[in-house]
Amino acid sequence: MLIIFNSFSFSLSQTDTQSFLFYFLFASMAAAVMYRMMAAVMLCSRVFADPDLLQDICVADLSSELKLNGYSCKSNATAEDFFSGGLAKPGATNTSTGSAVTGANVQKIPGLNTLGVSLARIDYAPGGLNPPHTHPRATEVVFVLKGELDVGFITTANLLISKSIKEGEIFVFPKGLVHFQKNNGDSPAAVVAAFNSQLPGTQSIAATLFASTPPVPDNVLTKAFQVGTKEVDKIKSKFAPKS
């Protein structure tokens, strides 16, 4: 076999030719695999919770009947569209769970539309609980403003990852995983929560199962929780609207 490379030429025996072809094919296959791996990494690096924006601003027109993956843009924008004072004051924690969530998402701050971020403030009475819930569209990061909380999330392998956090500390809840926060202290507590979505969505586990419309059939709940109909009805009554 005659090899010509940069005006140099040389011959190979049949054995050397076979070896040369083997290594040439191996190198080509390795290069192709590396190329595909790099392409996959680059593709993954471009995955976000919300789509990228295509303009400087797109203030949500909350009154529009046109529904997109997000909100349509209104024609005029003001500073008020990008402002909220809603997190400045504690929420009222005289609730059944002893906690209050104050949202600062696109529905409260229209200027967040297409920006892929939002905040919330969560206040807890002593003994208060933010019950187990998920955010299907976002990862959550909480920063403790005051007090101390026991927090945790459960993986899809049913592993509880939990920790006690106090003022000035941070904890992360991965996107879509069930998580909770509990104030076991004797004084009020509060956090600011950040999300990588303009509207992360919240599904409370108990309310989702026992207060949906129309209701989840009793035979589903009794089978899932291995309890009787009376126990299911008792739990449902906790979520019934107060007359």
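User: What area does the protein expose, and what share of it do carbon and sulfur atoms supply?

Analyst: The protein exposes about 16,100 Å², of which carbon and sulfur atoms supply 63% (areas by the Shrake-Rupley method with a 1.4 Å probe; for residues, only the protein chains shown count as cover). This is a predicted model, in which local features need pLDDT of at least 70 and side-chain atom pairs count only at pLDDT 80 or more, while totals for chains, interfaces and linings use all residues. Residues are numbered from 1 along each chain as its sequence is written, and side-chain values use heavy atoms, with hydrogens and water left out.

User: How many helices and strands does the protein have, and what percentage of its residues count as buried?

Analyst: There are four helices and 14 strands (DSSP runs numbered from the N terminus: H or I of at least four residues for helices, E of at least two for strands). Of the 243 residues, 27% count as buried (under 20% relative accessible area; exposed is over 50%, partly exposed in between; 1.4 Å probe, protein chains only). Contacts (heavy atoms within 4.5 Å) can be sorted by separation along the chain: among those between residues at least 6 apart, 64% join residues at least 24 apart.

User: Is His179 buried or exposed, and what does its side chain reach?

Analyst: His179, in strand β12 (residues 178–182), counts as buried because its relative accessibility is 1%. A polar contact is a pair of N or O atoms within 3.5 Å; within protein, one must be able to donate a hydrogen and the other to accept it, and residues adjacent in sequence count only if both atoms are side-chain atoms. The side chain of His179 makes such a contact with the side chain of His135, at 3.5 Å, and reaches the backbone oxygen of Leu177 at 3.0 Å. Beyond neighbours within four places in sequence, the contacts of His179 include Pro131, Glu140, Gly152 and Phe173.

User: Where is Asn105 found, and what lies 2.9 Å from its side chain?

Analyst: Asn105 is found in the loop between β5 (99–104) and β6 (118–124). At 16% relative accessibility, Asn105 counts as buried. A polar atom of its side chain lies 2.9 Å from the backbone nitrogen of Gln107. Leaving aside neighbours within four places in sequence, Asn105 is in contact with Leu112, Ser118, Leu119, Gln198 and Leu199.

User: How should the pair α3 and α4 be read?

Analyst: Two packed helices are described by the angle and the distance between their axes. The axes (lines fitted to C-alpha atoms over the stretch in contact, with angles from 0 to 180 degrees between N-to-C directions) of α3 (residues 218–225) and α4 (residues 229–239) come within 9 Å and cross at roughly 105°. The two helices are therefore roughly perpendicular (65 to 115 degrees; under 35 is roughly parallel, over 145 roughly antiparallel, the rest oblique). Asp218, Leu221 and Thr222 of α3 meet Thr229, Val232, Asp233 and Lys236 of α4 in this contact.

User: Which backbone features do the loops show?

Analyst: Gln226, in the loop between α3 and α4, has a positive phi of about 55° although it is not a glycine. Asn158, in the loop between β9 (148–154) and β10, likewise has a positive phi, of about 65°, and is not a glycine. Both are exposed: Gln226 has a relative accessible area of 65%, and Asn158 one of 69%. Pro214 lies in the loop between α2 (205–210) and α3; the peptide bond from Thr213 to Pro214 is cis, with omega near -10°.
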